[in-house]
Amino acid sequence: MSVQSYAGQSPRHKPREGRSSAQRSESRAAMLMLAPSTALYVAFIAIPLIGTLALAFFEWDLLSPPRFVGIDNFVRIGRDSTMLMATVNTFVFAIVTVVLHLIGALLLAIAINRPMNRVVKKLTSAAIFFPVLLSWSAVALLWRYALDPNFGFINHYLREWGFTPPNWFVDAQTALGAIIGLDVWHSLGYTMIILLAGLQSIQPTLYEAARIDGAGPLRQFWSVTVPLLSPTLLFASIISFIGAFQIFEPMFIITKGGPDNSTISLVQDVYNTAFRDFSMGYASAKSLILIVVMLLVTVLQLKMSKKWVNYDQ
């Protein structure tokens, strides 16, 4: 082939080389931007998870070298009455709090989304969301004193009004219910903000069309709001369930899991096993079971969502 032929082909190849160089440059830039988050993920999630998976097959008390025990830690879980109680408490806590979160947050979001003065709307939203900004430690201590059976102001006013207040965090019949109420007060604003964003994404013309067809407020709620808000409700329910299964601070600070393990959660049971009993291998096995339970619940929610979630806008 002549030199002219090569020269004639070279202009066609230059743009390709230019595009390839640009793509490589973009790839390098993308990798550089992803590097910090990837490093954090590997350091604080991937490596600890792999370490937990490996340690679950060993027995280790932090003082002596780890001893391989195979699946004994997982077999031991089946005979652990404390973990069984923690599993029941966590499921009860999760189901009740998620239902209360979704119902309460939806009602609050609908109320705030109605036409009202902008200043009033912002102040109301801020007041409802404010408890979310407080640390769990501060919230737990606050309500521990507020519901104290001897000098708590809530019990004081209940006595003034003629009621006999219970020993909220001391009685096994009321301790878990009191913590559920505490969690709803603390976290309801977060779920409300999520649902409020979903409500504001619904086109007002859909409600106008429903009114023209003669639909009243209740019919508009079931035929317009709920179907179009269902993806947001699914997201809120998944986030709430995951948060409920990770609950730890109020039980640990207020009740220490008592009385009679009536408020112990799965995370607290893992904590006690690791840092009170110094059984790191057994605690790792419990942690893996907790991860599997959360994964199964999330998958179940996604499977069930196919029957009621509407993605058509």
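**Exercise 1. Find which helix gives the largest share of the lining of the second largest pocket, then describe that pocket.**

*Solution.* Start with the share: α7 supplies six residues, the largest share of the lining of the second largest pocket. Keep in mind that you're working with a predicted model. Next, widen the view to the elements that give two or more residues to this lining: α3, α7 and α9. Now zoom in. The lining has 19 residues, and those nearest the pocket's centre are Trp 136, Asp 183, Ser 187, Gly 243 and Ala 244. Sort the lining by class and you get nine nonpolar, eight polar and two charged residues. Finally, the space inside comes to about 360 Å³.

**Exercise 2. Work out which residues of α5 are buried and why they sit on the same side of the helix.**

*Solution.* Helix α5 covers residues 136-146, and its buried residues are Trp 136, Val 139, Ala 140, Trp 143 and Ala 146. They span an arc of only 130° around the axis, so they fall on the same side of α5. The background is simple: an α-helix has 3.6 residues a turn, so residues three or four places apart point the same way. Then ask what lies over them: the cover includes α6 (153-160), α7 (175-200) and α10 (249-255). Trp 136 turns up twice here, as a buried residue of α5 and among the residues nearest the centre of the second largest pocket.

**Exercise 3. Describe the largest pocket by its volume, lining and residue classes.**

*Solution.* Volume comes first: about 470 Å³. Lining the largest pocket are 14 residues, with Ile 110, Asn 113, Tyr 207, Gln 220 and Thr 225 nearest its centre. Two or more lining residues come from each of α3 (81-113), α7, α8 (204-212) and α9 (217-245). By class, that lining splits into seven nonpolar, four polar and three charged residues.

**Exercise 4. Decide whether Glu 249 is buried, partly exposed or exposed.**

*Solution.* Place it first: Glu 249 belongs to helix α10. Its relative accessibility is 30%, so Glu 249 counts as partly exposed; the partly exposed class runs between 20% and 50%. For a neighbourhood check, go 16 residues along the chain to Ser 265: the two C-alpha atoms are 10.0 Å apart.

**Exercise 5. Compare the protein's radius of gyration with that of a compact globule of 313 residues.**

*Solution.* The globule would come out near 20 Å, but this protein has 27 Å. Now look at the spans: the C-alpha trace covers about 105 × 75 × 35 Å along its principal axes. As for burial, 36% of the 313 residues are buried. To finish, count the elements: twelve helices and two strands.

Notes. Residues numbered from 1 in each chain as written. Predicted model: local features only at pLDDT ≥ 70, side-chain atom pairs only at ≥ 80, totals over all residues. Heavy atoms only, no water. Buried < 20%, exposed > 50% of the residue type's maximum accessible area, 1.4 Å probe, protein only. Helix = DSSP H or I, 4+ residues; strand = E, 2+ residues; numbered from the N terminus. Arc of directions from axis to C-beta. Contact = heavy atoms within 4.5 Å. 1 Å grid on protein atoms, 1.4 Å probe; cavity = no way out; pocket = protein on both sides within 12 Å on 5 of 7 lines; lining within 4 Å. Points joined across faces, edges and corners; volume = space filled by probe spheres on them. Nonpolar A, V, L, I, M, F, W, Y, C, P; charged D, E, K, R; others polar. Rg over C-alpha atoms; globule rule 2.2 N^0.38 Å.
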